[in-house]
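Student: I should like a close look at a single residue of this model and its surroundings, followed by an account of the main pocket. Please treat the two in one connected answer.

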Amino acid sequence: MGSRFPPSLFLFFCLSITLISATHATDCSSLKLSGGKKQYSNCTELPALNSTLHFTYNATNSSLSIAFTAAPSKPKGWIAWAVNPTANGMAGSQTLLAFKANGSMVVKTYNISSYSSIVEGKLSFDVWDLEAESDKDGKMVLYGSLKVAASAEKLNQVWQVGPGIVDGHPMKHDFEKANLAAVGELQLVEKLSPAASSPSPSPQSANSNSGYGLRVSEINAGFWILGLIYLLALM
């Protein structure tokens with residue numbers, strides 16, 4: 001008969017899987033706002049431009065409060081987050097754009113009717129509580145609240161970063177792969193399938209280690225149970 005698999009090696013394998021799983025697990029604890037001045041129900045790490053979005057959707061009054069965090073492409077640049085009510089690209093975006101002017105952070109609104117027309121102006125929906133801040137690491141946080149359509153379940157969102165401001169106007173952003181990928185859907189209301197017994201893990205709660213963390217715990221528990229069964233079988 002061949003040599004038996006050493007129990008200690010099996011336990012080492014289980015421990016390795018535990019550590020690897022934990023390394024790849026992500027939760028909202030790593031996405032907390034540096035200032036901590038506001039609290040949000042949800043957070044998500046956006047898939048492009050090393051940016052994050054914290055948000056709270058209030059279905060009662062059809063409002064959305066957001067905190068968008070990113071670093072401008074250059075130190076004197078800008079960051080922007082937008083909702084596009086009519087499409088999933090930049091043209092038509094109702095944009096909140098933050099930058100530093102005379103040493104202070106400001107937020108302005110742009111109704112981007114086309115790629116060639118980027119003019120400051122009133123948006124197609126109400127916005128309020130607009131403000132921004134920057135940190136010592138060069139990142140900016142853009143805060144704001146906006147009115148969304150009644151019973152909205154998702155929005156088309158666009159986000160972007162740019163190199164600078166000239167005569168009060170934002171300079172064009174780069175057209176690299178990451179810039180072009182900075183679009184997507186923001187799910188406001190999670191839908192459950194008939195067979196589902198728990199909500200989808202995304203977006204995650206900003207104040208808990210739910211979602212991926214729960215699945216990782218279940219996987220780790222499974223490996224340790226298998227290890228215990230194996231050891232009992234050797235006794």
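Tutor: A polar contact is a pair of N or O atoms within 3.5 Å; within protein, one of the two must be able to donate a hydrogen and the other to accept it. The model examined here is predicted. With that criterion in hand, consider Ser93, which is placed in the loop between β4 (78–83) and β5 (94–101). The side chain of Ser93 reaches the backbone oxygen of Met90 at 2.7 Å. A polar atom of that side chain also lies 3.1 Å from the backbone oxygen of Gly89.

Ser93 has a relative accessible area of 1%; because buried means under 20%, Ser93 is classed as buried. Beyond its neighbours within four places in sequence, Ser93 is in contact with Ala82, Val83, Asn84, Tyr110, Asn111, Ile112 and Val158.

Two of the residues named above, Met90 and Ile112, lead on to the largest pocket: together with Tyr115, Gln160 and His173, they lie nearest its centre, within a lining of 25 residues. The elements that give two or more residues to this lining are β4, β5, β9 (154–162) and α2 (177–180). The largest share, four residues, comes from β4, the strand that precedes the loop of Ser93. By class, the lining of the largest pocket has 18 nonpolar, six polar and one charged residues. The space in the largest pocket is about 410 Å³.

Terms used
Residues numbered from 1 in each chain as written. Predicted model: local features only at pLDDT ≥ 70, side-chain atom pairs only at ≥ 80, totals over all residues. Heavy atoms only, no water. Buried < 20%, exposed > 50% of the residue type's maximum accessible area, 1.4 Å probe, protein only. Contact = heavy atoms within 4.5 Å. 1 Å grid on protein atoms, 1.4 Å probe; cavity = no way out; pocket = protein on both sides within 12 Å on 5 of 7 lines; lining within 4 Å. Points joined across faces, edges and corners; volume = space filled by probe spheres on them. Nonpolar A, V, L, I, M, F, W, Y, C, P; charged D, E, K, R; others polar.
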